[in-house]
Amino acid sequence: MANEKIPYKIYLTEEEMPKNWYNLRADMRVKPAPLLNPGTLEPMTAKELSAVFCDELIAQELDNTTPEIPIPDEIRSFYRMYRPSPLVRAYCLEEKLDTPAHIYYKFEGNNTSGSHKLNSAIAQAYYAKKQGLRGVTTETGAGQWGTALSMACAYLGLDCKVYMVKVSYEQKPFRREVMRTYGASVTPSPSMETSVGRKILAEHPGTTGSLGCAISEAVEAAAANPGYRYVLGSVLNQVLLHQSIIGLETKTALDKYGIVPDMIIGCAGGGSNLGGLIAPFMGEKLRGERDYRIIAVEPASCPSFTRGKFAYDFCDTGMICPLAKMYTLGAGFIPSPNHAGGLRFHGMSPVLSQLFHDGLMEARAVEQTSVFEAAELFARTEGILPAPESSHAIRAAIDEALKCKETGEAKNIVFGLTGTGYFDLVAYEQYNNGTMTDYIPTDEDLAAGFAGLPRQPQE
Ligand SMILES: *Cc1c(COP(=O)(O)O)cnc(C)c1O
C-alpha cells in the first residue's frame, strides 16, 4: 500500500520551498469586482489608494493577470525562520474516528503569533519599509493580526500602531502585552485619538468597540500621519496572494507522495487562510486540469457566505474605506455577544466571494458548541490545542471523515489548521463549564444589517 509510506509529517527542503506567490486571479475567468470609491462609485485608482496603502501592495491588489509574483529574498529568509509549516497526516484522529478517510492538516500555528497571519504581515511590512515609510497602522480584534504585524515590524525596524477593539484590549491583556513586547503601540478602540473614534464615542458612550470601528481609526491614523500607511490582515486580494504560500507548500508536499485531495476544507473569517490554502488547487480547477471539492466553514452566528448578500459594502463602520463587492451581512452587523469562536468579520474576501458565487466552492455554517466539541477531540487525539477559528475546519473535516465511515470510502481530506488556542482559554473555559451557548441570528437580525448596505452601482 502506497499510503503505508506516508510519514506523520511531510516537510519540504529549503530548495522545495516556493519562490513565487501564486495569484489565483490570473486564472479566474470572472475576476473579483474592483474596489469602488464610496463617493463616486467608480473603481479606485492606484493614486487614490496611495493615500492609505503602500505602492507595491496597491500594484498587487490591482493585478488580476500576473500568475506568479516572486517572493523577495528578504521575505523568503524571514519565512525560513518558521516555514515550511508541517503537513500532518492525522493518523491518531483517523484511528479515533475509525474512518477509512485519510486526513491531512497544514499546521500554521508554529510561530509566536500563533497563526498564518505572519505570512502576510512580513510581506506588508517589507513593502512599507522598501517604500521608505516610518511605520504602519492597523486594527486588531482578538489580537492575532496585531501580534503578527508587530513581530514583522520589529524584525524590519518599522513603527507599528495597533488599534485594538476595546473589549479585547481589556479582556485579553496577554496578546496586548505580546504586541508591546515586540514594540508596537496599542490603543484601545474607539479612542479619542481620531475624529472617527471621537464621533463614535460621542454617539455611543461606553461602547466596547468593534473591528469595523478599529479599521476606521487605523485608516484615519495612516492618512493623518506622514510616513505611515494602513495595512490589513485579511479580505484584500494582496493578503490572499501572500497566503498562497500555504497552498503551494501543501501541494508540493502532497505531490511528493502522489496524494490527490478529494476535498480541501478551511475556516473562513475574511477568507485569507482559505484563499491561500486552496489557491494552487483552485487554479487547477479553473484551468480544467483537475476537480476538487472546496469547502469554506463559517460560524452560524456570523454566516456571511451562507446567509449574506453578494453586494458592494463597506469594510469598516466609519464608512471611510473603499467599497468591496463581497458576501456580506452589512457593515453594521455585530455577532451576538455569546459568540466566542472568532471569524466575526461581516464580509468576505472578494476573490472567494466571486468563486463561491460562480459555484466553484461550497460553504457551510457550524454552531460553536459543536466547533468546541471538535476542538476538544482534536486536542485529545492529535495533541495540538487548536484555535477556535481553526476548529471550524476541524468540525467539517471530522464530519466528512464520519461520512466516509458510512460509505466505506477512503477519501483524502485536507484541512487548514490555522493556529493555536492558547489565548482563547476563556472560550474554552465556557465550553468546559458547560456555559457556552449557540445563537443563530434570526432573519430580522440579518435584515437590520442588510438595511445598512450602501447604494449599489448600476449593473
Ligand atoms: C485571523 C484568523 C483566522 C481567520 O482569518 P482568515 O482571513 O479568514 O483566514 C483563522 N484562524 C486563525 C488562527 C486566525 O488568527
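Contact here means heavy atoms within 4.5 Å. Keep that in mind for the stops below, and remember that you are looking at a predicted model.

**Stop 1: Ala121**

Select Ala121, which sits in helix H5. Is it buried or exposed? With a relative accessibility of 0%, Ala121 counts as buried. Now show what surrounds it: setting aside neighbours within four places in sequence, Ala121 is in contact with Trp145, Ala148, Leu149 and Ala152. While you are here, try a distance to Met151, which is 30 residues away from Ala121 along the chain; their C-alpha atoms are 8.3 Å apart.

**Stop 2: helix H3**

Next, select residues 73-82, which make up helix H3, and colour Ile75, Arg76, Phe78, Tyr79 and Tyr82, the buried residues of this helix. They span an arc of only 160° around the axis, so they end up on the same side of H3. A bit of helix geometry helps here: an α-helix has 3.6 residues a turn, so residues three or four places apart point the same way.

What do the buried residues of H3 pack against? Bring up strand S2 (20-22), helix H5 (118-130), helix H6 (144-156) and helix H11 (237-256), because those are their packing partners. Then flip the view around: the face of H3 turned away from its buried side carries the exposed residues Asp73 and Met81.

**Stop 3: salt bridges**

Stay on H3 for a moment and pick Arg80. Arg80 makes a salt bridge with Glu14, and the closest N and O atoms are 3.5 Å apart. This pair links distant parts of the chain, since Arg80 is in helix H3 while Glu14 is in the loop between strand S1 (9-10) and S2, 66 residues apart. Both ends are partly exposed: Arg80 has a relative accessible area of 37%, and Glu14 has one of 48%.

Now jump to Asp27 and Arg287, whose side chains meet in a salt bridge at 2.9 Å, N to O. Asp27 is in the loop between S2 and helix H1 (46-49) and Arg287 is in the loop between helix H12 (272-286) and strand S11 (293-299), so this pair ties together parts that are 260 residues apart in sequence. Asp27 counts as partly exposed at 23% relative accessibility, and Arg287 is partly exposed too, at 39%.

For another pair, select Glu409 and Lys411, a salt bridge with its closest N and O atoms 3.7 Å apart. Glu409 is partly exposed at 35%, and so is Lys411 at 25%.

Then show Arg293, Glu362, Arg364, Glu400 and Lys403 together: these residues are linked in a network of salt bridges. How many salt bridges are there in the whole structure? A full search finds 23.

**Stop 4: strands S12 and S13**

Switch to cartoon and select residues 309-314 (S12), a strand that pairs with S13 in the antiparallel sense over six bridges. To see one of the matches, click Phe310, whose bridge partner in S13 is Tyr327. Strand S13 itself, residues 323-328, is mostly covered, with six of its six residues buried.

**Stop 5: a nonpolar patch**

Finish on the surface. Select Phe174, Tyr422 and Phe423, which form a nonpolar patch with about 360 Å² of accessible area together. Phe423 is in the loop between strand S15 (412-417) and helix H17 (425-433), and this residue is partly exposed, with a relative accessible area of 31%. The cut-off for joining a patch is over 30%, so Phe423 qualifies at 31%.

Conventions
Residues are numbered from 1 along each chain as its sequence is written. This is a predicted model: local features need pLDDT of at least 70, side-chain atom pairs count only at pLDDT 80 or more; totals for chains, interfaces and linings use all residues. Side-chain values use heavy atoms; hydrogens and water are left out. Buried means under 20% relative accessible area, exposed over 50%, partly exposed in between (1.4 Å probe, protein chains only). Helices (H or I, at least four residues) and strands (E, at least two) are DSSP runs, numbered from the N terminus. Two strands pair if DSSP finds at least two bridges between them. Patches are made of residues with over 30% relative accessible area and no salt bridge: like charges are joined within 9 Å, nonpolar side chains (Val, Leu, Ile, Met, Phe, Trp, Tyr) within 5 Å. Accessible areas come from the Shrake-Rupley method with a 1.4 Å probe; for residues, only the protein chains shown count as cover. A salt bridge is a side-chain nitrogen of Lys or Arg within 4 Å of a carboxyl oxygen of Asp or Glu. The arc is that of the directions from the helix axis to the C-beta atoms.
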